[in-house]
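Got your viewer open? Grab the mouse and let's take a short tour together.

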Amino acid sequence: MTIELVDVNITSPGRNFVTLKITTSDGITGLGDATLNGRELAVASYLADHVASMLVGRDEDRIEDTWQYLYRGPYWRRGPVTMAAIAAVDMALWDIKAKKAGMPLYQLLGGASREGVRVYAHASGTDYAALKNAITGYEELGYTAVRVQTGVPGLGQIYGVSSSGPGVRYDYEPAKRSGDRPSEERWDTRNYLNHMPGVFASIREDFGSDLRILHDGHHRMTPIEAARFAKDIEPYDLFWLEDCTPGEDQTALRLVRQHSTTPLAIGEVFNSVYDYQTLITERLIDYVRSAVTHTGGITAMKKLLDFAAIYGIKSGIHGPTDISPVGMAAALHLDLAIHNFGIQEYMPHNAQTLEVFQTSFTFDKGFLHPGDNPGLGVELDEDAAAGHEYTKAYLPVNRLLDGTVHDW
Ligand code: KDG
Ligand code: MG
């Protein structure tokens with residue numbers, strides 16, 4: 001049997017998603033997530049204009065060969081657009097293979113290594129009272145791990161903080177429908193560094209030592225600022241400090257490591273195992289944060305996580321709302337199967353999205369399971385998808401208080 005049809009679906013049930021659908025000559029379909037936040041149409045074009053015709057007629061079972069053909073074949077390698085496109089093809093082919101086997105994908109990856117995967121939720125608040133309220137809400141829902149982000153005195157809307165007020169938990173969406181240009185935010189690292197340790201101290205005081213606390217620095221600190229911060233927050237026992245420095249400078253984390261034992265996570269903007277080569281071999285990180293969607297799919301992520309395992313480094317797969325339910329399913333199947341699982345990020349999608357993408361995930365007391373339907377276990381309702389037209393949306397641009405462009 002061969003690949004017969006390759007379709008690119010673009011839908012916007014509250015936010016944009018790009019989904020690849022591959023249909024084989026005997027009518028089996030597979031789905032792949034190709035969503036790249038704010039650059040969705042670039043990946044859609046890469047797939048529709050340059051990849052689709054190369055796939056038609058290929059043997060759908062030759063996943064590794066297809067991966068290498070798309071990675072090495074065009075000469076131009078890596079980069080988020082290319083790797084998201086390859087990821088979508090890879091996920092769709094694994095979906096098809098597992099459906100043909102009549103098994104959930106995790107079975108083909110070695111079977112379940114655990115009963116469910118621990119997930120962390122996004123708790124945020126413009127001030128500590130709102131943040132405390134959000135954390136309490138998640139604990140009531142059964143979560144055992146929360147990422148905490150909060151407003152900083154002297155700054156307005158900043159990364160990771162829901163502006164909708166206390167009690168609202170599932171509404172943080174960083175991509176804004178702001179017309180042709182991104183919106184802008186303001187930032188000051190000094191204010192942030194002075195404010196955050198006190199927030200972690202209050203959380204430990206109010207919630208005790210069991211709760212797993214995570215925090216995302218979103219690439220905003222210099223190496224020495226990050227080293228100071230990681231050292232300052234050591235007493236509060238974070239599960240991880242994420243993206244403390246800009247991701248492209250792997251050796252920056254040497255300095256942070258020299259000063260602190262706060263566990264470090266990085267990688268949501270990475271798209272290849274080579275982005276991690278120094279980080280992994282020098283043991284500069286503790287968690288790999290790549291998204292399956294942006295790092296070449298299941299084939300590439302499995303190799304990356306196996307490489308990390310040799311150095312005692314665990315997974316922390318990226319799972320914000322800009323990873324579609326298809327990408328999230330791919331992450332959950334990997335999480336369940338690999339030995340070096342750490343934690344999985346989980347930002348539940350809105351109701352409209354879950355009408356377009358029907359999933360078989362189950363949530364129980366802070367743990368997710370991908371379900372036992374054959375394949376990835378996600379169905380795309382194309383009629384529902386057609387009801388949500390693509391709408392431009394961008395991640396905000398960040399500037400320092402004096403107007404200098406800064407990492408977002
Ligand atoms: O598209 C960018 C978002 O996915 C990112 O800002 C979310 O940092 C993020 C996280 O840790 O989920
Ligand atoms: Mg992050």
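We'll visit two ligands, one stop at a time. Keep in mind that this is a predicted model.

**Stop 1: ligand 1.** Select ligand 1 and zoom in. The space it takes up is the largest pocket. Now show the residues around it: there are 15 of them, and Asn37, Tyr159, Glu268, Asp322 and Glu345 come nearest. Try colouring this shell by class, and you'll get seven charged, four polar and four nonpolar residues.

**Stop 2: polar partners.** Which polar side-chain atom lies 3.3 Å from an oxygen atom of ligand 1? Click on Arg147, since that is where you'll find it. Next, pick Asp216, where a side-chain N or O atom is 3.0 Å from an oxygen of the ligand. Then go to Glu242, with a polar side-chain atom 3.1 Å from a ligand oxygen. Switch on a surface view here: on its own, ligand 1 has 330 Å² of accessible area, and the protein covers 94% of that.

**Stop 3: the magnesium ion.** Select ligand 2, the magnesium ion, and look for its protein donors. They are Asp216 (OD), Glu242 (OE) and Glu268 (OE), lying 2.1 Å from the ion. Along the sequence, these donor residues follow the spacing D-x25-E-x25-E.

**Stop 4: two strands.** Switch to cartoon view and highlight residues 212-216, which form strand β7, and residues 240-242, which form strand β8. Asp216 belongs to β7 and Glu242 to β8, so this pair ties together parts that are 26 residues apart in sequence.

Key: Residues are numbered from 1 along each chain as its sequence is written. Chains are lettered from A and ligands numbered from 1 in the order in which they are written. This is a predicted model: local features need pLDDT of at least 70, side-chain atom pairs count only at pLDDT 80 or more; totals for chains, interfaces and linings use all residues. Side-chain values use heavy atoms; hydrogens and water are left out. A residue is near a molecule or strand if one of its heavy atoms lies within 4 Å of it. A polar contact is a pair of N or O atoms within 3.5 Å; within protein, one must be able to donate a hydrogen and the other to accept it, and residues adjacent in sequence count only if both atoms are side-chain atoms. Accessible areas come from the Shrake-Rupley method with a 1.4 Å probe; for residues, only the protein chains shown count as cover. On a 1 Å grid over the protein atoms alone, a cavity is a set of points where a 1.4 Å probe fits but cannot get out, and a pocket is an open set with protein on both sides within 12 Å along at least five of seven lines; lining residues have an atom within 4 Å of a point. A molecule sits in a cavity or pocket if more than half of its atoms lie within 2 Å of its grid points. Ala, Val, Leu, Ile, Met, Phe, Trp, Tyr, Cys and Pro count as nonpolar, Asp, Glu, Lys and Arg as charged, and the others, Gly among them, as polar. Donors are N, O and S atoms within 2.8 Å of the metal (3.2 Å for Na, K and Ca); water is not among the atoms, so sites may look incomplete. Helices (H or I, at least four residues) and strands (E, at least two) are DSSP runs, numbered from the N terminus.
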